[in-house]
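Subject: Structure handover and notes

Hi,

Here is the structure I promised to pass on. Please have it open while you read, as my notes follow it from one region to the next.

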Amino acid sequence: MSPHGSSSPALPLLVLSLLLLSPPGTLAGGDGSPPSRPIVTPISKDGSTSLYTIPVKGGAPLVLDLAGPLVWSPCQPGHRTVPCKSSVCTVANRNHPANCAYTGTGQPGSPDPSCACTAYPYNPASGQCGSGDLTKVPLSANATDGRNPLFPVSFPAYAACAPDGLLASLPAGAAGVAGLSRQPLSLPSQVASRLKVAKQFALCLAGDGQTGAAIFGGGPFELQAAQPMELAEDLRKNALPLLVNPKSGAYYFRLHGIAVNGAQLSVPAGAFDLDRRQGTGGVLFSTVTRFTTLRSDIFSPLINAFEALTRDVPRRKPFPPFDLCFDASGFPSTRVGPAVANIDLMLDGGRNWTLPGASSLVQVGGSTACFAFQNMGFGATVANSPAVIIGTHQMEDNLVLFDLEKGTFGVSGLLLGRSTHCGNFNFAMGSS
Ligand SMILES: *[C@@H]1O[C@H](CO)[C@@H](O)[C@H](O)[C@H]1NC(C)=O
Ligand SMILES: *[C@@H]1O[C@H](CO)[C@@H](O)[C@H](O)[C@H]1NC(C)=O
C-alpha cells in the first residue's frame, strides 16, 4: 500500500477516515471485535524427552511439532463432532500418516448426515498414529505487543481426538500435539484465520532450565538484554525462501553447503537437494529431533573436518549416541560456548547460519562435551529420509521466524553472541 494513497484517488472517503482514525492493529479484526493482536506463549523443555510444549489447551501443554498438520488431544465423552460432508473434514484428511490404517468410518464427503468426521493424529515421538473424531477445542494464550503478554485470548480450533495411548513417548502431563506445519489446520494457520493476524510465527527455544517463547501472528519479538532487543523486523527484512515439499507441510530450505572453519565440505553433487517428486532429500527444521541429523554422505565429511580441527583437544570416551567427545576443559570458554571452529550452514544469497561451540557441542555430564550431530546412516532405511534434519539443539537460543503466507523463514543466529538468549522474553503482564 502506498503510504500517500496517491495511486488510489477513488479510495472512498469513509474508508480513508477509518484508516486515519484507527490506531495501528485495530483494523485487522474488522468486525468491531477487540483489536487483533498476535499471541504469545511460553515454551517449556521437558528434561526427559527433550521435547518442547506450549500450555495453550486451557493451560495443558501441547508438544510442538513443526511438521505436524493437526492439533490433537484426547477428547471427553460428549465432545463436538464435525460432519463428514464439511470441507474441513476433507482438509483434515489430506495428510494421512503413512502406514496408518483407515477405520472405514467417518470418511470425508459422506453425504450421511449422521456421519462424524474421522481424523488420523500422528505422534511424531513414537511414530504411532491413531484415529478419532474431528472436533473443536478452545485454545488460549495471551495477546502480545511483542514485549509482554497483555491480556488473555481464547479461540476455538479444529483438533483431532486421539486415543489416550497415543500420548505415549510424549512428556508426562502433555495433553497432545500442536502441529505447526504449513498446512491449513496447523496451529499457526488456525490462529491466523481465527484471530485475523498474520500467518506467521516466531519460535525461540530456550536451553535447559529456561522458558522460551513463541509468538503467533506476526509483530515484534523483543528479548530483554542490556538494551531491549527487537529481533523480528530484521528477520523479516532478510527472510529467505522456504522450499515446498508436496509430500509434507514441514519447513524445508535450500542449503548450498556446509563449511567448517571457513572450508566448504566436499559432499556428493546434489547431496542437499529436495526431490519434490518423491518428497525425499532436502533440509528441514524439526522440533522433535534433538540433534541435527545428517545422511552419512554429509555427516562423514562434517565429523572428519571437525575432528581434524580439534586434534589437540583431549578426547573422552564416546558417550552414546555420540562418537566424538572431548574433555570440555580442553576448550577455552567464550560467550558463544566452547571456543572451537565455527560450522557455517550456507544459505541462499551467500548468507550463513553460523553454529559456534554452544551449538556444535553438547555438554554431557560434568566435564565432557560431545559433537552434537548424528549420523542418519545410509541405505534402504534412510532412502526416504531428508538429507539433513536440523534439530532443536542447533535451534536453541536462535529466534526462528516462519512466514506461511510468503513461504519464507529467517534465523537470527546464536543470540548468546548478542548477550541475550531465548529465556529472556518478559512474561510479566504488560499494559496496552
Ligand atoms: C497470560 O500471561 C500470564 C503472565 O505471564 C500468565 O500467568 C497467564 O497464565 C497467561 N494466560 C494464558 C491464557 O496463557
Ligand atoms: C559464509 O561462509 C562461507 C564458508 O565459511 C564463507 O566463505 C563466506 O565468506 C561466508 N559468508 C558471509 C557473508 O559471511
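To get you started: which residue in β2 does Lys 45 stand opposite? The residue across from Lys 45 is Tyr 52. Before I go on, please keep in mind that this is a predicted model.

**The strands β1, β2 and β3**

That pair of residues belongs to strand β1, residues 39–45, and strand β2, residues 52–57, which run antiparallel and are joined by two bridges. Together β1 and β2 make a hairpin, with six residues between them. If you look at the turn, you will find Ser 50 with a positive phi of about 60 degrees.

Strand β2 also pairs with β3, residues 60–65, again in the antiparallel sense and over three bridges. Here Thr 53 has Val 63 in β3 as its bridge partner. The hairpin of β2 and β3 has two residues between the strands, and Gly 58 takes a positive phi near 60 degrees there.

**An open sheet and the helix across it**

Further along the chain there is an open sheet of four strands in the order β16-β15-β25-β26, with antiparallel pairing. Why is one side of β16 and of β26 left without a neighbour in the sheet? Both β16 (263–264) and β26 (352–355) stand at the edges and have a single partner strand each, so there is no neighbour in the sheet on one side of either.

Within this sheet, four bridges join β15, residues 257–260, to β25, residues 343–346, and these two strands run antiparallel. Val 260 stands opposite Ile 343 in β25. Lying across β15 and β25 is helix α5, residues 296–309, which runs at about 15 degrees to β15.

**Ligand 2**

Around ligand 2 you will find Ala 259, Gly 262, Asp 344, Gly 350 and Asn 352. Two side chains are worth a look for their polar atoms. In Asp 344, a polar side-chain atom lies 2.7 Å from an oxygen atom of the ligand. For Asn 352, an N or O atom of the side chain is 2.4 Å from an oxygen atom of ligand 2.

**Aromatic residues**

The structure holds 17 aromatic pairs. One of them is formed by Phe 285 and Trp 353: their ring centres are 5.9 Å apart and their planes are at 35 degrees, so this pair counts as tilted. It links distant parts of the chain, as Phe 285 sits in strand β19 (residues 283–285) and Trp 353 in strand β26, 68 residues apart.

Are these two residues buried or exposed? Phe 285 has a relative accessible area of 0% and is therefore buried, the cut-off being under 20%. Trp 353, with a relative accessible area of 2%, is also buried.

Both residues belong to one aromatic cluster, which is formed by Phe 201, Phe 216, Tyr 251, Phe 253, Phe 285, Trp 353, Phe 402 and Phe 409.

**Gln 200 and its polar contacts**

Gln 200 is found in strand β9, residues 200–204. Its relative accessibility is 7%, so Gln 200 counts as buried. What does the side chain of Gln 200 make polar contacts with? One polar contact, of 2.7 Å, joins it to the side chain of Arg 236, and another, of 3.1 Å, is made with the side chain of Asp 403. Leaving aside neighbours within four places in sequence, the residues in contact with Gln 200 include Phe 216 and Phe 402, which are both members of the aromatic cluster. Among the others are Ile 215, Gly 217, Gly 218, Leu 401 and Leu 404.

**Phe 155**

Phe 155 lies in strand β7, residues 149–161, and counts as buried at 5% relative accessibility. Beyond its neighbours within four places in sequence, Phe 155 is in contact with Ile 39, Val 137, Pro 138, Leu 139, Val 191, Arg 194 and Leu 195. By contrast, the C-alpha atoms of Phe 155 and Pro 228 are separated by 30 Å, with the two positions 73 residues apart along the chain.

**Ligand 1**

Last, ligand 1 has Ala 141, Asn 142, Pro 149, Phe 427 and Met 429 around it. One of its oxygen atoms is 2.2 Å from an N or O atom in the side chain of Asn 142. At Phe 427 the partner is a polar backbone atom, 2.7 Å from an oxygen atom of ligand 1.

Best wishes

Notes: Residues are numbered from 1 along each chain as its sequence is written. Chains are lettered from A and ligands numbered from 1 in the order in which they are written. This is a predicted model: local features need pLDDT of at least 70, side-chain atom pairs count only at pLDDT 80 or more; totals for chains, interfaces and linings use all residues. Side-chain values use heavy atoms; hydrogens and water are left out. Two strands pair if DSSP finds at least two bridges between them. Contact means heavy atoms within 4.5 Å. Axes are lines fitted to C-alpha atoms, for helices over the stretch in contact, and angles run from 0 to 180 degrees between N-to-C directions. Rings of Phe, Tyr and Trp (its six-membered ring) pair if their centres lie within 6.5 Å; planes under 30 degrees apart count as stacked, over 60 as edge-to-face and the rest as tilted. Buried means under 20% relative accessible area, exposed over 50%, partly exposed in between (1.4 Å probe, protein chains only). A residue is near a molecule or strand if one of its heavy atoms lies within 4 Å of it. A polar contact is a pair of N or O atoms within 3.5 Å; within protein, one must be able to donate a hydrogen and the other to accept it, and residues adjacent in sequence count only if both atoms are side-chain atoms.
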